[in-house]
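Me: I would like to go through the labels attached to this model and see what each one rests on. Please set the values against the cut-offs.

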Amino acid sequence: MLEILNLHASVEGNEILKGINLSVKAGEIHAIMGPNGSGKSTLSNVLAGHNAFEVTKGSVLFEGKNLFDLSPEERAWEGIFLAFQYPVEIPGVSMTNFIKTAVEAKYKYQEKDAPSPAEFLKMMKEKQAMVGLAKSLAGRSVNEGFSGGEKKKNDIFQMAMLEPKLAILDETDSGLDIDALRIVAEGVNTLKKPDNAYIVITHYQRLLEYIVPDVVHILHDGKIVKTGDKSLAFELEKKGYDWVK
Amino acid sequence: MTEKSKDKDIIDDLEKNEYKYGFSSNIESEVFPPGINEDVIRKISAIKEEPEFLLEWRLKAYRHWQTMEHPYWAHITLEKPDFQSISYYAQPSNKPKYDSLDEVDPEIISTFEKLGIPLEEQKLLAGVAVDAVMDSVSVHTQFRDQLEEKGVLFCSFSEAARDYPELIQKYLGSVVPYTDNYYAALNSAVFSDGSFVYIPKGVRCPMELSTYFRINAINTGQFERTLIIAEDDSYVSYLEGCTAPMRDENQLHAAVVELVAMNGAEIKYSTVQNWYPGNKEGKGGIYNFVTKRGLCKGHHSKISWTQVETGSALTWKYPSTILKGDFSTSEFYSVAVTNNYQQADTGTKMIHIGKNTKSTIISKGISLGKSNNSYRGLVRMAKTAENARNFSQCDSLLIGSQCGAHTFPYIDVHNKTATVEHEATTSKIADDQIFYCNQRGISTENAVSLIVNGFAKEVLSKLPMEFAIEAHKLIAISMEGSVG
Ligand SMILES: Nc1ncnc2c1ncn2[C@@H]1O[C@H](COP(=O)(O)OP(=O)(O)OP(=O)(O)O)[C@@H](O)[C@H]1O
Ligand SMILES: [Mg+2]
């Protein structure tokens, strides 16, 4: 599904990603761990197409297509979703209107008829319940005045609505309370299908007890320095990052 | 609210975007050569078969206008128009310059398509967008008979001058005298048409009244005149919409609107103004100089202005209210969008004279490209305005770094018991907000229009539904090609 080859990327002239290689197949869950500033969010942003980052070398294929030929919204329509480490607030834009615009754009790209208002409403309610997003939030502006955890839940709610092929969750667990973490993880597991995949970025092994990864990578200074199965996360928790440096 | 009614609201909200709104018009033909003098004014008056007093009034206005200086504004760049090169009376002739729709600028067609104006309307445009001097004024008076049953008079200004001269004589110029300002004087001399509305005592006008203006011609000015009178305890909601085709030359639009609200009467006046703003290089576009003023004459009367201004190269417009009756109230809700080289200087004046009068001003300015958007407002509390209150809020949204937003609130208080509150904010659309939307599959254009519509929501929600939808679309169109 995703083939990253020798990816280098920089921001304002500083090289942050220094040769990433990563291959994700349909049905897999990959975890990426790594110290602060190692480049995890940078990798997510580069995959999503943020224009602050310049790709200087390497290639990324998504479902056989050159990712760098696609605009951020085309990547979204093709099925890439990024749950942000810091979701932004969009004052004045209602949650309903926002998600409706997003869903309609995707349907249009896929040349399908958009759901009717009644169907859409039903879908919204189901997905809200699935990720434990409080009903009252649906009536507000996107993330405006949301608590940290509410913002994270909202991103997962949007993921549930958009049903992406590849979802990248950037530290979705940080900020979630214990119950929310469990509910969100259950939601993710429900949405897990043989034909989609996840990249889960986290600092804590705890999330990986709920969302069990097939592969764990450790990112350090812009490179993947270690790859293993889920036991790698345990080992890391015990030994700390000095161990991989 | 119950769960059910909430659901219904959401569904309504979702369905709203699907509404389509169309217009049609049917126009006589008459053309004058450019230039202004007393003969031109006599000819206009003669064609319209006006009563003598009206011709006299026009001539007085013309003579006064000649003594006036062209105005100067600090935040607007404008050369004085050549008033002798403009034609003052022009309606579409039957000699089409466009032989078919194919010859009409495709940009016009696509604009109309986006507006949801049906094909017949485009055909009509091809049919009427005609001669070197041509203009159109169309008054949508579909339900005239039904309205007359209730005693509501709704017709073109010309008809009113013939059919109800006493009302015209009594109220014309009573709120905006021809001495008021340069463009009001010019309008008073040469106004061609417009709408007249009269709501008798105790009548709630059963439908929204609407007039749709369009400028078609080259080198013409449009000078319409609107007069609305609401007798005691009556109510009316009136809508005005405007569009103009794209021309390289600037065109002049100088309208005057007068509203009179008697005891307990309410007038709701909404405008969606989309005159052609000029192209991306700042060429062409309408010069929009409008004097709109309402008089809350009776106690407990109410006038509310709602305006969405997306068009015109240059806008100079301050819908104002004189709160004369005790306990009278007025509201001003405005969204002004400027893009490319557009300049807007708009706002309101609230003149409090009566006791316990109350006014609210909500202004949302959105600037893009190299445009300049100014809010200019005056709140005056006269000596007699015991316990009068005003609240003003002016918010500006900047998109890009080459545009400007300015706020000039003037406050003039002569009564110690009066209170005036003013709040202002300026914000920008952040790249990260756009990226967030992009990542969800929302294009930059749609993202900006979502954010902008959200910013303007408080005002748009005051518009009648059909206009709210049109306004949403207009705002989206005026953003196009300017971001990303
Ligand atoms: N827009 C930017 N301008 C300058 N430097 C940036 C920018 N974005 C990221 N960086 C730098 O790139 C490096 C990698 O940042 P990144 O956000 O990818 O780290 P991370 O692995 O996600 O860290 P954390 O665990 O703290 O979220 C950091 O040193 C950061 O300061
Ligand atoms: Mg990060």
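Reply: Start with A:Asn196, in a predicted model. Leaving out residues up to four places away in sequence, A:Asn196 touches A:Met1, A:Ala26, A:Gly27, A:Glu28, A:Pro164, A:Lys165 and A:Leu191. The residue sits in the loop between helix 7 (178-191) and strand 10 (197-201) of chain A.

Me: Why is A:Asn196 called buried?

Reply: Its relative accessibility is 8%, and buried means under 20%. A:Asn196 therefore counts as buried.

Me: What makes the approach of the A:Asn196 side chain to the backbone oxygen of A:Leu191 a polar contact?

Reply: The distance is 3.0 Å, and the limit for a pair of N or O atoms is 3.5 Å. A polar atom of the A:Asn196 side chain also lies 2.8 Å from the backbone nitrogen of A:Lys193.

Me: Why are A:Ser41 and A:Gln85 called donors of the magnesium ion (ligand 2)?

Reply: The atoms concerned are OG of A:Ser41 and OE1 of A:Gln85, at 1.9 to 2.0 Å from the ion. The cut-off for this metal is 2.8 Å, so both atoms qualify as donors. A:Ser41 belongs to helix 1 (residues 40-48) of chain A, while A:Gln85 is in the loop between strand 6 (80-83) and strand 7 (90-94), 44 residues apart. Water is not among the atoms, so sites may look incomplete.

Me: Is A:Gln85 buried or exposed?

Reply: Its relative accessibility is 18%. That value is to be set against the limit of under 20%, so A:Gln85 counts as buried.

Me: How do you know that B:Arg440 and A:Asp155 form a salt bridge?

Reply: Their closest N and O atoms are 3.0 Å apart, and the rule asks for a distance within 4 Å. The count between chain A and chain B is one salt bridge. Across that interface there are also 12 residue pairs in polar contact, both residues at pLDDT 80 or more. Helix 3 of chain A gives the largest share of the side that touches chain B, seven residues. The residues on that side divide into 23 nonpolar, 10 polar and six charged.

Me: How much area do chain A and chain B bury between them?

Reply: About 2700 Å², of which 65% is on carbon and sulfur atoms. Chain A puts 39 residues into the contact and chain B 23 residues.

Me: What makes A:Lys239 and A:Glu235 a salt bridge, and where do they lie?

Reply: The closest N and O atoms are 3.0 Å apart, against a limit of 4 Å. Both residues lie in helix 9 (residues 231-239) of chain A, four residues apart, about one turn of the helix.

Me: Why is A:Lys239 called partly exposed?

Reply: Partly exposed runs between the 20% and 50% limits. A:Lys239 has 46% relative accessibility and so counts as partly exposed. A:Glu235, at 27%, therefore counts as partly exposed too.

Me: Which parts of chain B does the salt bridge of B:Asp412 and B:Arg380 tie together?

Reply: Their side chains meet at 2.8 Å, N to O. B:Asp412 lies in strand 23 (residues 404-413) and B:Arg380 in strand 21 (residues 372-381), so the pair ties together parts that are 32 residues apart in sequence. B:Asp412 is partly exposed at 22% relative accessible area, and B:Arg380 is partly exposed at 32%.

Key: Residues are numbered from 1 along each chain as its sequence is written. Chains are lettered from A and ligands numbered from 1 in the order in which they are written. This is a predicted model: local features need pLDDT of at least 70, side-chain atom pairs count only at pLDDT 80 or more; totals for chains, interfaces and linings use all residues. Side-chain values use heavy atoms; hydrogens and water are left out. Donors are N, O and S atoms within 2.8 Å of the metal (3.2 Å for Na, K and Ca); water is not among the atoms, so sites may look incomplete. Helices (H or I, at least four residues) and strands (E, at least two) are DSSP runs, numbered from the N terminus. Buried means under 20% relative accessible area, exposed over 50%, partly exposed in between (1.4 Å probe, protein chains only). Contact means heavy atoms within 4.5 Å. Buried area is the accessible area (1.4 Å probe) that two parts lose on being put together, summed over both. A polar contact is a pair of N or O atoms within 3.5 Å; within protein, one must be able to donate a hydrogen and the other to accept it, and residues adjacent in sequence count only if both atoms are side-chain atoms. Ala, Val, Leu, Ile, Met, Phe, Trp, Tyr, Cys and Pro count as nonpolar, Asp, Glu, Lys and Arg as charged, and the others, Gly among them, as polar.
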